[in-house]
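User: I have a structure open and want to go through its side-chain contacts. Can you take my questions as they come?

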Amino acid sequence: MTATLELGALAADTATWHRVCAVDELELAWGEAALIEGRQVALFRTGPSEVFAVAHEDPATGAHVMARGILGSRGTRPTIASPLHKEVYDLETGECFGTAAVRLETFSTRISDGFIEVAV
(Lines give C-alpha, C1' and ligand atoms only; values in the text may rest on other atoms or scores of the structure.)
Protein backbone atom coordinates (compact mmCIF):
# COMPACT_ATOMS: atom_id res chain seq x y z
CA MET A 1 0.00 0.00 0.00
CA THR A 2 1.14 3.51 -0.71
CA ALA A 3 -0.31 6.08 1.66
CA THR A 4 -0.84 9.52 0.22
CA LEU A 5 -1.46 12.63 2.23
CA GLU A 6 -4.56 14.57 1.34
CA LEU A 7 -3.78 18.14 0.35
CA GLY A 8 -4.59 20.43 3.22
CA ALA A 9 -4.69 19.42 6.84
CA LEU A 10 -7.81 19.24 8.93
CA ALA A 11 -7.63 21.34 12.10
CA ALA A 12 -9.22 20.09 15.31
CA ASP A 13 -8.51 21.57 18.74
CA THR A 14 -4.75 22.13 19.00
CA ALA A 15 -3.82 19.13 16.85
CA THR A 16 -3.42 19.17 13.09
CA TRP A 17 -5.15 16.17 11.56
CA HIS A 18 -3.98 14.68 8.27
CA ARG A 19 -6.03 12.29 6.16
CA VAL A 20 -3.71 9.40 5.27
CA CYS A 21 -5.68 6.57 3.62
CA ALA A 22 -8.94 4.64 3.66
CA VAL A 23 -9.15 2.39 6.72
CA ASP A 24 -9.89 -0.57 4.42
CA GLU A 25 -6.47 -0.12 2.77
CA LEU A 26 -4.74 -1.28 5.96
CA GLU A 27 -4.71 -5.02 6.57
CA LEU A 28 -5.55 -6.18 10.07
CA ALA A 29 -2.50 -6.92 12.24
CA TRP A 30 -0.10 -5.56 9.63
CA GLY A 31 1.94 -2.34 9.62
CA GLU A 32 2.37 0.22 6.86
CA ALA A 33 4.56 3.30 6.65
CA ALA A 34 3.33 6.73 5.60
CA LEU A 35 5.02 10.09 5.11
CA ILE A 36 3.07 12.83 6.91
CA GLU A 37 4.37 16.40 7.01
CA GLY A 38 7.87 15.08 6.29
CA ARG A 39 7.69 12.54 9.15
CA GLN A 40 7.82 8.79 8.70
CA VAL A 41 4.92 7.24 10.61
CA ALA A 42 4.05 3.56 11.09
CA LEU A 43 0.33 2.72 11.05
CA PHE A 44 -1.23 -0.41 12.55
CA ARG A 45 -4.83 -1.57 12.27
CA THR A 46 -5.53 -3.88 15.19
CA GLY A 47 -9.31 -4.10 14.86
CA PRO A 48 -12.14 -3.08 12.53
CA SER A 49 -12.06 0.49 13.83
CA GLU A 50 -8.85 0.58 15.89
CA VAL A 51 -5.73 2.16 14.37
CA PHE A 52 -2.47 3.19 16.03
CA ALA A 53 0.27 5.48 14.71
CA VAL A 54 3.85 5.61 15.98
CA ALA A 55 7.16 6.92 14.73
CA HIS A 56 8.57 4.65 12.02
CA GLU A 57 12.05 5.19 13.51
CA ASP A 58 13.17 2.58 16.03
CA PRO A 59 14.22 4.66 19.06
CA ALA A 60 16.95 2.17 20.05
CA THR A 61 18.71 2.01 16.66
CA GLY A 62 17.52 4.96 14.56
CA ALA A 63 16.51 2.63 11.71
CA HIS A 64 13.14 3.29 10.04
CA VAL A 65 11.63 -0.18 10.53
CA MET A 66 8.77 -0.03 13.02
CA ALA A 67 6.06 -0.69 10.39
CA ARG A 68 7.62 -4.16 10.08
CA GLY A 69 7.42 -4.77 13.83
CA ILE A 70 5.57 -7.61 15.50
CA LEU A 71 2.14 -6.78 16.97
CA GLY A 72 1.16 -8.32 20.28
CA SER A 73 -0.10 -7.42 23.72
CA ARG A 74 0.88 -7.28 27.37
CA GLY A 75 -2.36 -8.02 29.19
CA THR A 76 -4.87 -5.62 27.66
CA ARG A 77 -2.19 -3.23 26.33
CA PRO A 78 -1.50 -3.45 22.56
CA THR A 79 2.21 -3.63 21.75
CA ILE A 80 4.70 -3.47 18.90
CA ALA A 81 8.07 -5.22 19.05
CA SER A 82 10.94 -3.78 17.03
CA PRO A 83 11.92 -6.11 14.19
CA LEU A 84 15.61 -5.49 14.94
CA HIS A 85 16.26 -6.10 18.62
CA LYS A 86 12.72 -7.01 19.75
CA GLU A 87 12.26 -4.16 22.22
CA VAL A 88 8.53 -4.11 23.06
CA TYR A 89 6.61 -0.82 23.14
CA ASP A 90 3.09 0.07 24.24
CA LEU A 91 1.23 1.25 21.11
CA GLU A 92 -0.87 3.73 23.11
CA THR A 93 1.83 5.39 25.23
CA GLY A 94 5.14 4.53 23.52
CA GLU A 95 6.52 3.14 26.78
CA CYS A 96 9.32 0.59 26.29
CA PHE A 97 8.75 -2.42 28.54
CA GLY A 98 12.43 -3.37 28.66
CA THR A 99 14.21 -0.02 28.97
CA ALA A 100 12.44 2.82 30.78
CA ALA A 101 14.72 5.48 29.25
CA VAL A 102 13.69 4.53 25.69
CA ARG A 103 10.33 5.71 24.32
CA LEU A 104 8.57 5.36 20.96
CA GLU A 105 6.78 8.51 19.77
CA THR A 106 3.02 8.00 19.37
CA PHE A 107 0.43 9.99 17.43
CA SER A 108 -3.31 10.37 17.91
CA THR A 109 -5.49 8.68 15.30
CA ARG A 110 -9.13 8.74 14.35
CA ILE A 111 -11.34 7.33 11.64
CA SER A 112 -13.49 9.86 9.85
CA ASP A 113 -15.82 8.95 6.97
CA GLY A 114 -13.89 5.69 6.46
CA PHE A 115 -10.47 7.37 6.34
CA ILE A 116 -7.61 7.23 8.84
CA GLU A 117 -6.50 10.61 10.12
CA VAL A 118 -3.35 11.17 12.13
CA ALA A 119 -2.47 14.21 14.29
CA VAL A 120 1.10 15.34 13.66
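User: Which ring does the charged end of R110 sit over?

Analyst: The ring of W17. The charged end of R110 is 4.1 Å from the centre of that ring. Keep in mind that this is a predicted model.

User: And what sits over the ring of F97?

Analyst: The charged end of R74 does, 4.8 Å from the ring centre.

User: How many aromatic pairs does the structure hold?

Analyst: Zero.

User: Back to R110. Which residue forms a salt bridge with R110?

Analyst: E117 does, and the closest N and O atoms are 2.6 Å apart. Salt bridges with shared partners also bring in R19, so that R19, R110 and E117 make up one network.

User: Is E117 buried or exposed?

Analyst: E117 is buried, because its relative accessible area is 0% and the cut-off for buried is under 20%. R110 has 29% relative accessibility, so R110 counts as partly exposed.

User: How many salt bridges does the structure hold?

Analyst: Five. One of them is between the side chains of R77 and D90, at 2.5 Å from N to O.

User: Where do R77 and D90 lie?

Analyst: R77 is in strand β7, residues 77–81, and D90 is in strand β8, residues 88–90. The two are 13 residues apart in sequence, so their salt bridge ties together separate parts of the chain.

User: What about accessibility for D90, buried or exposed?

Analyst: D90 counts as buried, at 0% relative accessibility. Its partner R77 is at 30%, which makes R77 partly exposed.

User: Which other side chain meets R77 in a salt bridge?

Analyst: That of E95, with 2.6 Å from N to O. This pair also links distant parts of the chain, as E95 and R77 are 18 residues apart.

User: Where is E95, then?

Analyst: E95 is in the loop between β8 and β9, where β9 covers 106–107. R77, as before, is in strand β7.

User: And how does E95 count by accessibility?

Analyst: As partly exposed, at 29% relative accessibility.

User: Can you put the R77 part together for me?

Analyst: The side chain of R77 meets D90 in one salt bridge and E95 in another. D90 is buried, while E95 is partly exposed.

Definitions and conventions
Residues numbered from 1 in each chain as written. Predicted model: local features only at pLDDT ≥ 70, side-chain atom pairs only at ≥ 80, totals over all residues. Heavy atoms only, no water. Phe/Tyr/Trp six-rings, centres within 6.5 Å; stacked < 30°, edge-to-face > 60°. Lys NZ or Arg CZ within 6 Å of the ring centre and 35° of its normal. Salt bridge = Lys/Arg side-chain N within 4 Å of Asp/Glu carboxyl O. Helix = DSSP H or I, 4+ residues; strand = E, 2+ residues; numbered from the N terminus. Buried < 20%, exposed > 50% of the residue type's maximum accessible area, 1.4 Å probe, protein only.
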